[in-house]
Amino acid sequence: MKRRTILAAGLGGALIAGATGLHLVRGDSGEEVPEVREPMPASPPAVEEVSKIKPVAYWTGIFMKSWDFALGNATPLSRSKDSRDHYDLAYDIDACTAMFRATGQHRYLDRGLTWMENVVATSVPSASLARSSFRDRYRGWASSRAGGGGDEVPLYESYLWRYGTNLLMAMKDLTDSGYRARYQRLLAFAESNVFDKWFTRGTRSYVYRERTHMAAHWALIAMNIAHLTADQSRKAHCNTVVDHISTQLRGQLRRNPAEPTAWFWSDEWDSAKRPGQDVGHGNGVVTYVVEARDRDQGWSAADVAAFSSLLTKVIWPGGTTYHAYVDGTGTDNGWWSDGFVKLGRYDPAVQLRLERHQVVNDQFAANMALNARLLRA
């Protein structure tokens with residue numbers, strides 16, 4: 001798995017566009033973490049530190065350094081008929097959504113919306129996909145990359161559409177007639193050809209996935225569509241998905257063996273064996289929890305404090321030491337742009353710590369801008 005990053009030797013350093021993968025050292029001892037379902041309370045946020053955080057404008061400046069690069073990189077991905085390219089596009093959609101929410105500037109919304117419309121335009125009837133396992137009435141995409149074999153791949157679609165539906169959430173209150181029409185078209189597509197499609201094809205196989213992070217993508221999609229749809233039957237199906245996955249995720253959480261104020265969980269259902277979830281994929285779990293917490297949907301301030309403690313005390317104990325697993329073992333590259341960075345919106349101390357992080361890309365900068373906006377609000 002590769003993720004586009006912009007590496008910086010400190011935020012004042014030169015920005016270099018490139019691609020980097022995860023470098024994991026799996027330290028699986030086979031030991032099971034004791035069944036303690038609540039971490040110790042973390043210190044309350046230091047509210048007086050809000051004035052010290054860098055403003056939205058600062059992070060906008062960092063984000064804009066990759067504005068042209070992102071256009072050239074993401075536009076071809078959005079026009080691809082291979083859904084593996086849409087997986088990579090997800091980071092750009094999240095970045096544009098975060099920047100729109102942070103600044104209110106429509107140029108960020110326009111870009112993200114255009115990319116999602118491009119994706120929709122590349123869809124074809126499943127029945128026309130020669131190697132599809134489904135060949136039904138829904139529209140979608142095949143993938144011939146990364147072992148896709150020309151089939152439809154639910155992971156690739158969910159990876160993008162969790163952020164495609166986040167974009168819809170960000171624009172749902174716009175009153176401009178042009179935006180309303182585009183919003184309605186994109187929502188109708190997401191309702192039918194993303195959620196309904198995979199729900200109908202089978203929740204056990206395609207929605208309630210075999211790993212925590214894969215299921216979390218669907219929880220976010222379902223939560224978003226439940227907020228947006230006018231169809232009460234679909235809303236009920238969405239809420240069923242959210243409740244099921246949220247309950248599963250809650251059941252995975254235990255007190256971290258390396259830090260009593262932090263969470264630990266395994267990416268394998270019904271397991272509590274160390275080293276637990278790898279940090280790279282754990283970003284997907286955190287992204288869902290953050291959005292659910294912001295809507296007061298099943299996750300508390302204490303929960304996000306425990307995830308924040310996991311980041312600042314276990315995963316990243318200091319400097320450029322980045323651990324690969326949530327028990328504090330292994331080594332990694334410090335890539336948190338897709339999830340853990342979003343914890344800065346709750347606690348200025350976490351945000352200030354993240355300001356010192358040296359692995360920065362456009363998605364990281366965009367979410368830091370949104371954190372700053374929410375903290376200052």
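**Exercise 1. Two loop residues with positive phi**

Task: Classify Ala146 as buried or exposed, then place it in the chain.

Solution.
- Step 1. Ala146 has a relative accessibility of 64%, so it counts as exposed. The cut-off for exposed is over 50%.
- Step 2. Ala146 sits in the loop between β4 and α5.
- Step 3. Its phi is positive, about 50°, although Ala146 is not a glycine.
- Step 4. Turn to Arg135. Its phi is near 50°, again a positive value in a residue other than glycine.
- Step 5. Arg135 belongs to the loop between β3 (124-125) and β4 (139-140).
- Step 6. Arg135 has a relative accessible area of 43%, so it is partly exposed.

The model is a predicted one.

**Exercise 2. The overall fold**

Task: Does the radius of gyration of the protein chain agree or disagree with that of a compact globule?

Solution.
- Step 1. The protein chain has 377 residues, and a compact globule of that length would have a radius of gyration near 21 Å.
- Step 2. The protein chain has 20 Å, which agrees.
- Step 3. Along the principal axes, the C-alpha atoms fill a box of roughly 50 × 45 × 35 Å.
- Step 4. Of the 377 residues, 59% are buried.
- Step 5. Take the contacts with a separation of 6 or more. Residues 24 or more positions apart account for 71% of them.
- Step 6. The secondary structure comprises 13 helices and six strands.

**Exercise 3. The largest nonpolar core**

Task: Which residues of the largest nonpolar core touch the most other members?

Solution.
- Step 1. In soluble globular proteins, nonpolar side chains tend to be buried together.
- Step 2. The largest nonpolar core here holds 108 residues.
- Step 3. Trp161, Tyr288 and Phe340 touch the most other members.
- Step 4. Follow Trp161. Setting aside residues up to four places away in sequence, Trp161 touches Met116, Val119, Val120, Trp141, Leu186, Phe189, Ala190, Val194 and Ile221.

**Exercise 4. The second largest pocket**

Task: Which helix supplies the largest share of the lining of the second largest pocket?

Solution.
- Step 1. The second largest pocket encloses about 220 Å³ of space.
- Step 2. It is lined by 15 residues; Arg101, Asn166, Met169, Glu291 and Arg295 are the closest to its centre.
- Step 3. Four helices each give at least two lining residues: α3 (83-103), α5 (154-171), α10 (279-294) and α13 (362-376).
- Step 4. The largest share, four residues, comes from α3.
- Step 5. Sort the lining by chemistry. Eight residues are charged, four are nonpolar and three are polar.

**Exercise 5. Two buried helix residues**

Task: Why does Tyr179 count as buried, and what is it in contact with?

Solution.
- Step 1. Tyr179 lies in helix α6, residues 177-201.
- Step 2. Tyr179 has 10% relative accessibility, so it counts as buried. The cut-off for buried is under 20%.
- Step 3. Leave aside neighbours within four places in sequence. Tyr179 is then in contact with His106, Leu109, Asp110, Leu113, Met171 and Leu174.
- Step 4. Now the distance to Trp335. The two residues are 156 apart along the chain, and their C-alpha atoms are separated by 33 Å.
- Step 5. Thr60 is found in helix α1, residues 56-64.
- Step 6. Thr60 is also buried, because its relative accessible area is 13%.
- Step 7. With neighbours within four places again left aside, Thr60 is in contact with Met99, Thr103 and Tyr108.
- Step 8. Thr60 and Val304 are 244 residues apart along the chain. Their C-alpha atoms are separated by 25 Å.

**Exercise 6. Two exposed residues and their distances**

Task: How many Å separate the C-alpha atoms of Ala302 and Glu38?

Solution.
- Step 1. Ala302 lies in helix α11.
- Step 2. Its relative accessible area is 54%, so Ala302 is exposed.
- Step 3. Ala302 and Glu38 are 264 residues apart along the chain, with 9.5 Å between their C-alpha atoms.
- Step 4. Asp296 is in the loop between α10 and α11 (301-315).
- Step 5. Asp296 is exposed as well, with a relative accessible area of 62%.
- Step 6. Asp296 and Trp218 are 78 residues apart in sequence. From C-alpha to C-alpha they are 18 Å apart.

**Exercise 7. A peptide bond**

Task: Is the peptide bond from Arg274 to Pro275 cis or trans?

Solution.
- Step 1. Omega is near 15°, and the bond is cis.
- Step 2. Pro275 lies in the loop between β6 (259-264) and α10.

Technical notes
Residues numbered from 1 in each chain as written. Predicted model: local features only at pLDDT ≥ 70, side-chain atom pairs only at ≥ 80, totals over all residues. Heavy atoms only, no water. Core = buried A, V, L, I, M, F, W, Y, C linked by side-chain atoms within 4.5 Å. Buried < 20%, exposed > 50% of the residue type's maximum accessible area, 1.4 Å probe, protein only. Contact = heavy atoms within 4.5 Å. 1 Å grid on protein atoms, 1.4 Å probe; cavity = no way out; pocket = protein on both sides within 12 Å on 5 of 7 lines; lining within 4 Å. Points joined across faces, edges and corners; volume = space filled by probe spheres on them. Nonpolar A, V, L, I, M, F, W, Y, C, P; charged D, E, K, R; others polar. Rg over C-alpha atoms; globule rule 2.2 N^0.38 Å.
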